[in-house]
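Here's a protein model to explore piece by piece. Have a look at the fold, and then we'll start from a single residue and work outwards.

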Amino acid sequence: MALSYVPLMVLAALAVVACLRLASAAIDVNSAAAAAARQASLAHTPGEARAAGADGASATLAGRAFTCQPSNVTVDAGAFVPGGQVSATVACTVRLEDLYGLGLPGTITIRGTSHQPLDTYRGTTAP
């Protein structure tokens, strides 16, 4: 009977690790999307917004290569006018192939999106 508990405990431990890895990646992705949208909202042109957003997300995800590798950042500066908004979407691939025995897919992509308003009284320049 004791021999049957060991494999079950190993599988339970692997399931906990998978859940923690996915939760950590979701938190990291949402945080990176918020940072990217905030940095993009402070820029003066749509091009600067895209670059600043990518930099903000990269800085937030620095050191998170274990749970979030690779990542993709998309900054939408379509409504880049005073009173408009920018949005940032961060997609991150979480590796699960090292957790054997759970029947999980090799990788899962987690996405997070954040919107940030542009200041109504701030000047912007056309693209």
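Which residues does Ser 41 touch once its neighbours within four places in sequence are set aside? The contacts are Val 86, Gln 116, Pro 117, Leu 118 and Arg 122. Keep in mind that this is a predicted model. Ser 41 sits in helix H1, and its relative accessible area is just 4%. Buried means under 20%, so Ser 41 counts as buried. Its side chain also has a polar partner: one of its polar atoms lies 2.7 Å from the backbone oxygen of Arg 38.

Now step back one place. Ala 40 is in helix H1 too, and with a relative accessibility of 0% it counts as buried. Again leaving out the neighbours within four places, Ala 40 is in contact with Ala 49, Ala 52, Gly 53, Val 75, Phe 80 and Val 86. Val 86 is on the contact list of Ala 40, and on that of Ser 41. Ala 40 and Arg 50 are 10 residues apart in sequence, but their C-alpha atoms are 6.3 Å apart in space.

So what about the helix that holds these two? H1 has 40 residues and spans 59 Å from its first C-alpha to its last, close to the 58 Å expected at 1.5 Å a residue. Its buried residues include Ala 25, Asp 28, Val 29, Ala 32, Ala 33, Ala 36, Ala 37, Ala 40 and Ser 41. Here's a handy bit of background: an α-helix has 3.6 residues a turn, so residues three or four places apart point the same way. What covers the buried residues of H1? The cover includes H2, S1, S2 and S3.

Next, the sheet. Three strands form an open sheet in the order S1-S2-S3, with antiparallel pairing. S1 and S3 (107-117) are the edge strands, and each of them pairs on one side only. From one strand to the next, the twist averages 15°. H1 packs on this sheet, touching S1, S2 and S3, and its direction makes about 30° with that of S3. H2 lies across S1 and S2, and runs at about 150° to S1.

Here are some residues that stand opposite each other in the sheet:

| Residue | Opposite residue and its strand |
|---|---|
| Asn 72 | Ala 91 in S2 |
| Val 73 | Val 90 in S2 |
| Val 90 | Gly 112 in S3 |

How many bridges join the strands? S1 and S2 pair over seven bridges, while S2 and S3 pair over 11 bridges. The hairpin of S1 and S2 has five residues between the strands, and there Gly 83 takes a positive phi near 90°. S2 is mostly covered, with eight of its 11 residues buried.

Finally, let's see what fills the inside. The largest nonpolar core has 25 residues, and Val 29, Ala 49, Phe 80, Val 86, Val 90 and Val 94 have the most contacts inside it. Helix H1 (2-41), helix H2 (46-61), strand S1 (71-79) and strand S2 (85-95) each supply at least two residues of this core. H1 gives the largest share, eight residues. You've met some of these names already: Val 86 is among the contacts of Ser 41, while Ala 49 and Phe 80 are among those of Ala 40.

Terms used. Residues are numbered from 1 along each chain as its sequence is written. This is a predicted model: local features need pLDDT of at least 70, side-chain atom pairs count only at pLDDT 80 or more; totals for chains, interfaces and linings use all residues. Side-chain values use heavy atoms; hydrogens and water are left out. A nonpolar core is a set of buried Ala, Val, Leu, Ile, Met, Phe, Trp, Tyr and Cys residues joined through side-chain atoms within 4.5 Å. Buried means under 20% relative accessible area, exposed over 50%, partly exposed in between (1.4 Å probe, protein chains only). Helices (H or I, at least four residues) and strands (E, at least two) are DSSP runs, numbered from the N terminus. Two strands pair if DSSP finds at least two bridges between them. Axes are lines fitted to C-alpha atoms, for helices over the stretch in contact, and angles run from 0 to 180 degrees between N-to-C directions. Contact means heavy atoms within 4.5 Å. A polar contact is a pair of N or O atoms within 3.5 Å; within protein, one must be able to donate a hydrogen and the other to accept it, and residues adjacent in sequence count only if both atoms are side-chain atoms. The expected span of a helix is 1.5 Å times one less than its number of residues.
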